[in-house]
Amino acid sequence: MGEQERSRVVLAPCGTYEEEEVYRALKAGVELLGGMGAFAGPGEKVLLKPNLVRKAEASRAVTTHPAVMGAAARLLSEAGVHNVKAGDSCGFGTASEASEAAGIRQALEPYGVPVIEFTGAGKIPYDGVQAKSFYMAKEVLEADALINICKMKTHALERVTGAVKNLYGCICGFHKAKGHTQYPSADSFARMLVDLNRLVKPRLHIMDGIVAMEGNGPTSGDPVPMGVLLLSADPVALDSVFCRLIHLDPELVPTNYHGEKMGLGRWQEEKICLLVPAPDGGKEISLDEAVRLYGRESFRVDRGKAGSGFWTRLARVFNLFQKKPYVDKDKCVKCGICVESCPVEGKALRFDNGRKEPPVYDYKRCIRCFCCQEMCPHKAIKVK
């Protein structure tokens, strides 16, 4: 299978968030894919979609780093593309608050790129494998081109969150939370995400992996240096390279498995052409070599194989031996954000005694969507 028949993924090494270094690395990576002009034209409305899950400082690796956002905006400006906006539907709070705290608004300002709030556009019919409709942000629908700028992180439900998962921010507000009740399992949620990616059709995916998040992701984990930017027009291939770098079998990630099965992209090694910038333009390297040079075997992520036999299915029916969120009472400040974030009708966790004690779970109601864990700003909810 030749290079043109495989999905191209660029790995651009970058060990610092110093603005010029990030710009040079991103520029070199984009040029290996044909340059920014191959993904957006001067007369088009372009939307940058970062990961702005909630308000957090850039050093915590919760959001896309401002240096990466600024470099992308600069490359678009240099390509003559000036009608550019950035936005997201945050899990908690507003895009304005999250971008301000992370420094993204400030990084985009010199290039005239505003950070906007996503608002609802009503129900969009879509005959997908899993989803039959989406409540899309009108700002996404109005854009001619979307560039997805995600963050390299772990995820309690899907093991990792990357290019495919980041598109969930195109769904607005209440409907974003409701989606977890409509698609409660890792597989159904992944198939919905693949449907969403096929509907939105981002032109380019950029992953900020200069500093990633391991452990209790996607918001309560720990920053860990990975020193790479990943770029591709294929989100499944990009996420699969991420998996290989952290010694995780790509097939174990539902968005990869279903993404290839549903025609979104490719996760298998022989179907990916991995390129790195070089003095003469670029060169292809094997995934094994990339893992040797840029991988991290100690990266904390769930690598356990999911069971599929009779006893595993029976355990799911009776809600046994499953991952469960729990409250670390020593870290909980009783802010109530986890309770507010729970999408289950009637709530799966509550305060039993006012706010004198941390909230408690009703595991019979809990659907294991881990929204509570994702939104907790104090790292007080973990998964066991």
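User: What distance does helix α2 reach from its first C-alpha to its last, and how does that fit the span expected at 1.5 Å a residue?
Analyst: This is a predicted model, in which local features need pLDDT of at least 70 and side-chain atom pairs count only at pLDDT 80 or more, while totals for chains, interfaces and linings use all residues. Residues are numbered from 1 along each chain as its sequence is written, and side-chain values use heavy atoms, with hydrogens and water left out. Helices here are DSSP runs of H or I with at least four residues, and strands are runs of E with at least two, numbered from the N terminus. Helix α2 spans residues 66-78, and its 13 residues are expected to cover 18 Å, which is close to the reach found, 18 Å.

User: Is α2 mostly covered or mostly uncovered?
Analyst: Buried means under 20% relative accessible area, exposed over 50% and partly exposed in between, with a 1.4 Å probe and protein chains only. The buried residues of α2 include Val68, Met69, Leu75 and Leu76. With 10 of its 13 residues buried, α2 is mostly covered.

User: Which residue with a positive phi follows α2?
Analyst: The phi of this residue is near 80°. The residue that follows α2 is glycine 80.

User: What is the radius of gyration of the protein?
Analyst: The protein contains 14 helices and 16 strands. For its 384 residues the globule rule gives 21 Å, and the value found is close to that, so the protein is as compact as a globular protein of that length. Taken over C-alpha atoms, with the rule being 2.2 Å times the number of residues to the power 0.38, the radius of gyration is 20 Å.

Key:
Expected span 1.5 Å × (residues − 1).
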